[in-house]
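User: Hi! I'm new to this one and would love a quick tour. Could you walk me through a few spots?

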Amino acid sequence: MNKQFIFLLLSIISISCQNQEQKIDPQTVFKYNEHANVTSLDPAFAKDQRNIWVCNLLYNGLVKLDKNLEVAPDLAANWKVDTTATVYTFYLKKDVYFNDAFAKARTITAQDFKYSLERLTDPSVASPGAWVMSNVKEINAIEPLELQIVLKQPFPAFLGLLTMKYCSVVPEGSNNLREKPIGTGPFYLKRWQENVKMVLRKNNRYFEKDEEGNSLPYLEAVAITFKTDKQSEFLEFAQGNLDFINAIDPSYKDELLTTDGELKEKYVPTVNLVKAPFLNTEYLGLKVDSKTSELQSKYVRRAINLGFDRNKMIKYLRNNIGTPAHNGFIPKGIPAGGSVTGFSNDPEEAKKLILKYVDQTGDNNPSITISTGANYLDLCEFIQKELQKIGLKVQIDVMTPSTLRQARKAGQLDVFRSSWIADYPDAENYLSLFYSKNFAPNGPNYTHFKNEMYDSLYQKALTISNSKTRTELYKQMDSLIIEEAPIVPLYYDQSVRFISKKVVNLESNAVNMLDLTRVKKK
């Protein structure tokens, strides 16, 4: 065939596809921006928010979280757990189809789930979600719609783990899911120009319906841009070219919000401000086995916690977005969260503790270095000025995010600003950061905290299925963390969304998931 003819034919097809997309009613397209490129559309790599959000639109799992963070059915109609709390049996919904964008459409089976979950631990896949399956002994497809998962030992938070997007179902034997995703979700991939734009289209085979029996989703398409400049993103939103902004950047926070955290009057007619608790604790980590005597001293660690005003910090530096961390490490929104009394500002007591340290060690010039990324420099500078008033010299080392992460994991940082966002809605996820067997670099215990009582309570909690009893153990562990002070809780985050008033039914949730299944535009 003539090369010129082939080129002409491809051009006609391309123009035809573009014209087809242009015919979509703009009122049925939801538009948002990501500051970095989506790295993969394979759910096995749904680690970062930008990947998780898109995968949530393309895929489903056995179970999901409802708006109250309770585990609810997704593709599993129901399930049961045996008396040993190690055998989970899931019964799948009938007539759920994979989309036919890149393969012939067919219904899901238990074998697909077996394949999808087992590939997480396949070395050739190298999924960052392999740890989710670490307590799984075996997975069996009992019947076409009956799946059995056997654990090595009881783990009460297992159902919560299965709500993660890593655990989404893909067809057995799938290839190149990064670029050609095949899922069961409300949308499918139509077009992806990396670092520029992604278009998802409505999946007409999607299994969910609304209360009136209408097929979901209501939207015809989702359009995602990848503008790295946050000021440009804000301007696009202000001009009506984006339907919402997730979170707020210092470059425009004072344009949108008052110091009390309310929407400024000029935006009230066109924008809805939606705040919701977010399972994210922002904190300073203190490496307790540091070579510096300051951090080995509980006097100094507690003095840091008492030496600055969290209320003032949140009001003036965060426009009242977030809740000052006057409780433990576990945030409100999950059992045991917010139930432990933490630290409040008490500079006089902080000074006394620093003097006790000086008397004990003879170190007349105690000092620490806080390592942080540029986005949190203002918070660290505020803490620096406050702590110097109590007799503790503070230096700040600004690092790139990747360098900070690597150095923290390698145990090279004495004091580091960090955050912990819940992977699943169980307090164990937070408390695992202080279990001695999770010492970094082999686990998330970056502070190298070690306490025999704490380890004993942690191990006991893993064996108890009764939620009330487990919650009491969680509270005891959180109290120990406050007492020994290997961290400095700063604030419990909030998800903040600025949503166009044209958008209906876009709900917030404590894990900040983007769910467009029931969203409409008017």
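User: Let's start with H11. Which residues are buried there?

Analyst: Happy to help! This is a predicted model. In H11, the buried residues are Leu379, Cys380, Phe382, Ile383, Gln384, Glu386 and Leu387.

User: And how far apart are the end C-alpha atoms of H11?

Analyst: They are 16 Å apart. Helix H11 covers residues 377–388, and at 1.5 Å a residue its 12 residues should span 16 Å, so the two values agree.

User: Nice. Switching topic: how many disulfides are there?

Analyst: The count comes to 0 disulfides.

User: Why is there no bond for Cys55?

Analyst: Because the closest cysteine sulfur, in Cys167, is 12 Å from the sulfur of Cys55, which is too far for a bond. Cys167 is likewise in no disulfide, with the sulfur of Cys55 as its nearest cysteine sulfur.

User: Is Cys55 buried or exposed? And what about Cys167, buried or exposed?

Analyst: Cys55 has 0% relative accessibility, so it counts as buried. Cys167, at 2% relative accessibility, counts as buried too.

User: Now the helices H14 and H15. At what angle do their axes cross?

Analyst: The axes of H14 (residues 452–461) and H15 (residues 467–484) cross at roughly 160° and come within 10 Å. That angle makes H14 roughly antiparallel to H15.

User: Is that crossing left-handed or right-handed?

Analyst: The crossing of H14 and H15 is left-handed.

User: Which residues meet there?

Analyst: From H14, they include Met453, Tyr454, Leu457 and Tyr458. On the H15 side, Leu473, Tyr474, Met477 and Leu480 are among them.

Notes
Residues are numbered from 1 along each chain as its sequence is written. This is a predicted model: local features need pLDDT of at least 70, side-chain atom pairs count only at pLDDT 80 or more; totals for chains, interfaces and linings use all residues. Side-chain values use heavy atoms; hydrogens and water are left out. Helices (H or I, at least four residues) and strands (E, at least two) are DSSP runs, numbered from the N terminus. The expected span of a helix is 1.5 Å times one less than its number of residues. Buried means under 20% relative accessible area, exposed over 50%, partly exposed in between (1.4 Å probe, protein chains only). A disulfide is a pair of cysteine sulfur atoms within 2.5 Å. Axes are lines fitted to C-alpha atoms, for helices over the stretch in contact, and angles run from 0 to 180 degrees between N-to-C directions. Angles under 35 degrees count as roughly parallel, over 145 as roughly antiparallel, 65 to 115 as roughly perpendicular and the rest as oblique. A crossing is left-handed if the near helix is turned anticlockwise from the far one by less than a right angle, and right-handed if clockwise. Contact means heavy atoms within 4.5 Å.
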